[in-house]
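User: Hi, can you walk me through this structure? Short answers are fine.

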Amino acid sequence: MVTDVATVRVLLADDQELVRAGFRVILGAEDGIAVVGEAADGEQAVQLAAQTRPDVVLMDVQMPSVDGLEATRRILATVAAPVKVVILTTFDREDYLFEALRAGASGFLLKNASPEDLVDAVRVVARGDALLSPEVTRRVIARFAAAEPPAPSPRPPRPPRPARPPELTEREFEVLVLLARGASNAEIAAELFLGETTVKTHVSRVLSKLGVRDRTHAVVYAYEHGIVAPGGG
């Protein structure tokens, strides 16, 4: 298939041929999206990603040979071109969600999502956004908090103001803090009395300066560096 530079190139990775066929039909009917390959297991997905250099990989979790999480790690570690991975699963399982994020995935989508949601997912991650709602972002923070409980203290000291990464301006740091607490762009704009377009610009600069993949990984960065803490600190 001949595509233009604006076309989003998609690789499908699922061990069920019927699922791949359904996704292929849905995405193939959309302008600006082209399916450039199909893989029946994780190992084949890694090989095809290197050959076709897709913009987005729709990756099943449970596959033979190499599972989707390991395939995601390998693709993001070996494919030179920027690739976004959306993890697909039939179950809303938090262990998949967090393992997917640690593997470097940019999104998480249930297989029972509507065709419209599938198309939106491809477009969202292709333009560099993360496919996680603010509610799920808050779950990310809670999960990291639960993984590292603070030491008990009879009289906890007043928490110091978190240190601002030197590469960020004060305004960018304010945006990062709100983003890391799970705020949407609209909520950040309302809190800081900014336009949503301005917020998008600040978020983009924060991601670039911190060297993180997307806003969800900025949440992980913020928690791991003490910028946010359990209870919304």
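Analyst: Sure. This is a predicted model. Start with helices α8 and α9, which are roughly perpendicular to each other, because their axes cross at roughly 105° and angles of 65 to 115 degrees fall in that class.

User: Within what distance do the axes of α8 and α9 come?

Analyst: The axes come within 9 Å. Helix α8 covers residues 185-192, and α9 covers residues 196-210.

User: Which residues make the contact?

Analyst: From α8, Asn185, Ala186, Ile188 and Ala189. From α9, Glu196, Val199, Lys200 and Val203.

User: How many of the contact residues of α8 with α9 are nonpolar, polar and charged?

Analyst: Five are nonpolar, one is polar and two are charged.

User: New topic, the sheet. What's the strand order?

Analyst: The order is β2-β1-β3-β4-β5. The five strands form an open sheet with parallel pairing.

User: Which strands stand at the edges?

Analyst: β2 (33-39) and β5 (107-110). Each has a single partner strand, so one side of each has no neighbour in the sheet.

User: And by how much are neighbouring strands turned against each other?

Analyst: By 25° on average, ignoring direction.

User: How many bridges join β1 to β2?

Analyst: Six, with β1 spanning residues 8-13. In this pair, Val10 of the one strand stands opposite Val35 in β2.

User: Which strands does helix α1 touch?

Analyst: Helix α1 (residues 17-28) packs on the sheet and touches β1, β2, β3 (56-60) and β4 (84-89). The direction of α1 makes about 165° with that of β2.

Conventions. Residues are numbered from 1 along each chain as its sequence is written. This is a predicted model: local features need pLDDT of at least 70, side-chain atom pairs count only at pLDDT 80 or more; totals for chains, interfaces and linings use all residues. Side-chain values use heavy atoms; hydrogens and water are left out. Two strands pair if DSSP finds at least two bridges between them. Helices (H or I, at least four residues) and strands (E, at least two) are DSSP runs, numbered from the N terminus. Axes are lines fitted to C-alpha atoms, for helices over the stretch in contact, and angles run from 0 to 180 degrees between N-to-C directions. Contact means heavy atoms within 4.5 Å. Angles under 35 degrees count as roughly parallel, over 145 as roughly antiparallel, 65 to 115 as roughly perpendicular and the rest as oblique. Ala, Val, Leu, Ile, Met, Phe, Trp, Tyr, Cys and Pro count as nonpolar, Asp, Glu, Lys and Arg as charged, and the others, Gly among them, as polar.
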